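Welcome to a short tour of this model. Please keep the viewer open and follow along as we go from backbone details to sheets and helices.

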Amino acid sequence: MAISWTTDQALALAPDASSAKAGRELSSAGKWVTLGRRGEAIWGECKGSGASPYRTQVDLTEPAFRCSCPSRKFPCKHGLGLMLIFAADPAALADAEPPAWVSEWLASRAERAEKQTQKATEPEKPADTAAQAKRAAQREAKVAGGVQELDRWMRDLMRGGFAEIASRLYSYWDTPAKRMVDAQAPGLARMMREMAGIPATGSGWQERLLERLGRLHLLLQGYGRLETLPAETQADIRTAMGFNVSQEQVLAEPGVRDRWFVAAQRVEEEEQLRVQRTWLWGEQSGSPALVLSFAHASQPIGDGLVPGSLLDADLAFFPGAFPLRALVKTRHEAVPSVSDIPAHGYPTIELATAAYAAALARSPWLDRYPFALRDVFLAASEGQWEAQDTEGHALPISPSFAHGWRLMGIAGGRPVTLWGEWNGASFLPLSAWADGRFYALPGGAQ
């Protein structure tokens with residue numbers, strides 16, 4: 001089945017606002033010397049400043065891009081311009097035999113995919129189990145020592161109370177966080193650094209800090225009696241502590257096939273790393289899934305997950321009591337763009353928060369939970385945005401949400417469906433469906 005794209009979906013691929021603007025400037029067929037299409041490949045030659053036009057090609061199945069221009073952005077403005085032409089008027093790209101420079105690229109991609117498939121089916125080389133066991137035991141000993149040290153730190157904090165916490169320097173939190181890094185428990189270090197800013201969040205910070213400390217205490221106690229807990233809870237605790245599960249181990253498990261709606265996406269900077277969170281919902285299962293993608297600060301994130309599109313695929317989920325994070329195990333045939341609003345989501349805020357409470361009861365260390373809120377209104381209350389449902393219930397919108405007025409304009413006073421992240425205190429909208437169209441809200445926050 002042929003893949004179709006919308007202009008919004010094409011623009012969502014832009015690495016930044018300047019690239020999106022430059023791509024729009026190249027979205028006229030008159031800027032291109034040649035345009036063509038065959039199957040799920042599109043290509044064109046765009047006039048540039050050099051003697052020869054830039055050769056641009058796109059494999060729509062992921063999508064994947066290649067261009068002869070010197071730009072280090074991915075996709076470049078030529079790739080975006082070509083995608084925008086295709087989205088606006090597919091007929092502008094006439095069906096034709098691919099030129100050699102396109103055929104060679106497609107063949108090399110097919111060859112790489114075949115090698116990856118072969119590699120995945122090859123038997124693994126025997127591992128040095130003794131060396132692995134030794135390294136694992138050494139790390140467990142370090143983590144156990146860090147857990148004991150952090151437990152003593154927390155007890156000292158609770159004995160002293162919160163009276164002086166607000167005046168503490170960042171080093172008060174960062175010093176034990178660094179110790180947890182040394183103890184090879186990066187998850188604990190992250191939790192400590194996140195708590196450092198809570199005393200500066202205004203009224204009610206004491207309750208918010210106490211809630212975070214309670215989760216941390218539960219995690220430390222759980223790790224201390226890990227072997228007595230169910231396997232799924234053990235997996236959640238180890239993940240929260242910072243132990244990784246290899247992708248090979250996850251992909252070895254059976255996948256869950258569905259038509260997954262790519263509902264929302266957010267990219268955050270973590271030191272020198274860009275982390276992209278993509279939320280999906282299964283069309284048949286109604287289950288959410290989270291796909292994490294990573295790239296160096298200067299490198300593109302090319303996972304081909306475009307907000308507002310459908311993905312027919314098998315997802316393999318990481319172990320846990322409430323599995324959310326997943327890997328795309330197998331992609332199947334192309335799926336057309338969404339033409340009607342997906343059927344999943346919560347018709348009331350009460351049902352959404354009840355689902356969150358049930359998930360939190362199974363996995364208390366969930367940082368974020370996906371919400372799909374149907375038929376809600378955006379309103380301003382006492383200087384803060386809220387999402388209100390038809391029953392009069394409301395959720396506070398995250399103070400960092402940067403697109404309130406744009407969303408008001410999109411809604412036009414009508415109810416909309418919002419996808420986003422709930423952290424237990426506020427909701428961050430990341431995308432919306434209004435008046436028959438899907439809208440990505442880039443980044444959601446400033």
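## Backbone details, strands and helices

Glutamine 184 sits in the loop between α6 (171–182) and α7 (186–196); helices (H or I, at least four residues) and strands (E, at least two) are DSSP runs, numbered from the N terminus. Everything here comes from a predicted model, where local features need pLDDT of at least 70 and side-chain atom pairs count only at pLDDT 80 or more, while totals for chains, interfaces and linings use all residues. Residues are numbered from 1 along each chain as its sequence is written, and side-chain values use heavy atoms, with hydrogens and water left out.

Back to that loop: glutamine 184 is not a glycine, yet its phi is positive, about 60 degrees. With a relative accessibility of 31%, glutamine 184 counts as partly exposed, a class that lies between buried (under 20% relative accessible area) and exposed (over 50%), using a 1.4 Å probe and protein chains only. Aspartate 435 is another non-glycine residue with a positive phi, here about 50 degrees. The loop that holds aspartate 435 runs between β14 (427–434) and β15 (437–440), and at 63% relative accessibility this residue counts as exposed.

Here are these two residues beside two glycines with positive phi.

| Residue | Phi | Place |
|---|---|---|
| Glutamine 184 | about 60 degrees | loop between α6 (171–182) and α7 (186–196) |
| Aspartate 435 | about 50 degrees | loop between β14 (427–434) and β15 (437–440) |
| Glycine 39 | about 65 degrees | turn of the hairpin of β1 and β2 |
| Glycine 242 | near 115 degrees | follows α9 |

One more backbone feature deserves a look. Phenylalanine 74 and proline 75 are joined by a cis peptide bond, with omega about -10 degrees. Proline 75 belongs to the loop between β4 (64–67) and α3 (77–88).

Now to the strands. β1 (residues 32–38) and β2 (residues 41–46) run antiparallel and are joined by six bridges; strands pair if DSSP finds at least two bridges between them. Together they form a hairpin with two residues between them, and arginine 38 has alanine 41 of β2 as its bridge partner. On to β3: six bridges join it to β2, again in antiparallel fashion.

How many residues of strand β2 are buried? Six of the six are, so β2 is largely enclosed by the rest of the structure. Ala41, Trp43 and Glu45 are buried on one side of β2, and Ile42, Gly44 and Cys46 on the other.

Glycine 44 stands opposite threonine 56 in β3. Threonine 56, in the strand spanning residues 54–59, is buried with a relative accessible area of 1%. Leaving aside neighbours within four places in sequence, the contacts of threonine 56 include Trp32, Trp43, Arg66, His78 and Trp101, where contact means heavy atoms within 4.5 Å.

Elsewhere, five strands form an open, antiparallel sheet in the order β7-β6-β5-β8-β9. Its edge strands, β7 (288–296) and β9 (326–331), each pair on one side only. From one strand to the next, the twist averages 45 degrees. Within this sheet, 10 bridges join β5 (residues 256–270) to β6 (residues 273–282), and glutamine 265 has threonine 278 in β6 as its bridge partner.

Finally, the helices. α5 (residues 129–160) packs against α7 at an angle of about 25 degrees, with the axes 11 Å apart; axes are lines fitted to C-alpha atoms, for helices over the stretch in contact, and angles run from 0 to 180 degrees between N-to-C directions. The two helices are therefore roughly parallel, the class for angles under 35 degrees, with over 145 roughly antiparallel, 65 to 115 roughly perpendicular and the rest oblique. Arg139, Val147, Leu150 and Trp153 of α5 meet Pro186, Leu188 and Met192 of α7.

Helix α2 (residues 17–25) has Ser19, Ala20, Ala22 and Gly23 buried. The exposed residues Ala17 and Lys21 are on the face of α2 turned away from its buried side. Cover for the buried residues of α2 includes α1 (7–11) and α3.

Helix α9 (residues 231–241) buries Gln234, Ala235, Asp236, Ile237, Ala240 and Met241. Their cover includes α5, α7, α8 (205–224) and α11 (349–362).
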